[in-house]
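Me: I should like a close look at the salt bridges of this structure. Please take them one pair at a time and set out where the partners lie.

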Amino acid sequence: MLVSAARREAAAILKLETRLTAAAPRISMHYSADAAARIMVDGRALADGEVLTPVRPLLLEIEGIGTLTIAPTRSEDTAHDAADLDARRAQLAALLQRVGAASLDDAERMLAERRAIEADIAGATAQLKAVAPQGLERLQRAHDDICAQATALGAAQASSQEDVELRAEELTHALESAEQALSDAMRDERRSSEALATNAARSEEQGRRIAQLMQEVGAPEQRARTRAAKLAAFEAARANLNAAVREATAWREKSPDEARFAEMKRTCEASEASLHRAKEELASLRRTEAGLEGELRSDRAEDVSARVDELTAQLARAETRCRDLQEEAAALQLLSGEFDAAAARTHERFARPVIERLEAYLQLVIPQAQLTLGDDLAPRALRRGTVAEELTRLSDGTQEQLSLLVRLAFARLLADGGTPAPLILDDALAYAGDERMGRMFAALRHAAKSHQVIVLTCHERAFAELGGHQVILDSWDDRRAAA
């Protein structure tokens, strides 16, 4: 209905105007007692004590001095609200133009008049049925019969003049009553026909809508099969979730703590340093070996064999030491790889339950998006379609909302694990627009079905649509004064 749509647009316009007014600066003017001139705004004098809350640039004309322009600061949210306000005002004007009304009150009046006319038509239809229960044709025939009788009476001769006059008077009254009833019945019939045509059009539209809905939801047997399949999938997902939680708990108990992991990492780094030093020592020994071989070729003294044997023994020991260090380094590298793989598997097992619960909330707020978590399970990147954006490149509002969704996923994980904990939000959604705030409200309401959600805020109007139980704290001084 166009009037209902106009009501919704008017309510949205009032909400946006209230929000923009709350964010706008407050300007008040107080004239001195001997002030001879007045400040002009939009062609009128600004009254003493009048308060202005401009949401757009305001021009003040000061007589004898000049003009003063006050431009309110525009943030991303206020600019979005202002654009949304203009669009909704245009939409409201278009709706009022379609119904031929100058204002919402005029449209409401026209709707009330239409309903009164429909009620009159219904009453006229009932009256028509009462006057002519057998239909207009039967009433027309009765009217024709009375007219014929009156004509025949005028032409026929009667034995008594008084009886003729009395009968003529009765027939005349009957004819007048019949003509009045016929006129009323025809008028009621026209109204009933118009109402019937309107109702037929509405019935046809409702029939098309019902057929469309039936086509969308399918036959009852198909709906039953779909419901059974979804219930089975839900139970299977719940079983897999419980198994994943148990497995994650087991891995959490088996995995090394941070201190042990740091110690193993330091050991691996020390072994790699030892391997590097061994390689350098081997290279030095090989350079020494090359130099000694050169000396052997030039030295023909008797102790050459002994010197060669000594150097050969040193070389063998160095090569053995090098092989030992290489084997130790390979083992440490293998151990480091195993630790990295175990850490990746542990992160995957910890992150998977959180991501699975995060998916439902994320689709409510940012459909068709995927969120990647870092090693500390904090949001790292947001993928929309084929484009992945780092968290730091997103707006402050989007970062705040993604962080809130991750907290909701953790709270849902605790609730599903049998240890529910309340989630407390202090002045959240400070940078959210109307559409994004509505989606976040839907996510919070969905989360409140599994665990407690406590929202602390000083923006009561903005959070009024969230619902839930509202708790308001009174001032201690006010209660003492009341007592």
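Reply: Asp84 and Arg88 are four residues apart in helix 2 (residues 76–99), which means that about one helical turn separates them. The model is predicted, and in it the side chains of these two residues meet in a salt bridge, with an N to O distance of 3.3 Å. As general background, side chains of opposite charge can pair when their charged atoms come close. Asp84 has a relative accessible area of 18% and is therefore buried, because buried means under 20%. Arg88, at 27%, is partly exposed.

A second pair lies in helix 9 (residues 396–416), where Arg412 and Asp416 are likewise four residues apart, or about one helical turn. Their salt bridge brings the closest N and O atoms to 3.3 Å from one another. Arg412 is partly exposed, with a relative accessible area of 23%, and Asp416 is also partly exposed, at 30%. Returning to the pair in helix 2, salt bridges with shared partners join Asp84 and Arg88 with Glu9 into one network.

Another salt bridge is formed by the side chains of Glu389 and Arg384, at 2.8 Å from N to O. Glu389 has a relative accessibility of 26% and counts as partly exposed. Arg384 counts as partly exposed too, with a relative accessibility of 36%.

The pairs described here are among the six salt bridges found by a search of the whole structure.

Notes: Residues numbered from 1 in each chain as written. Predicted model: local features only at pLDDT ≥ 70, side-chain atom pairs only at ≥ 80, totals over all residues. Heavy atoms only, no water. Salt bridge = Lys/Arg side-chain N within 4 Å of Asp/Glu carboxyl O. Helix = DSSP H or I, 4+ residues; strand = E, 2+ residues; numbered from the N terminus. Buried < 20%, exposed > 50% of the residue type's maximum accessible area, 1.4 Å probe, protein only.
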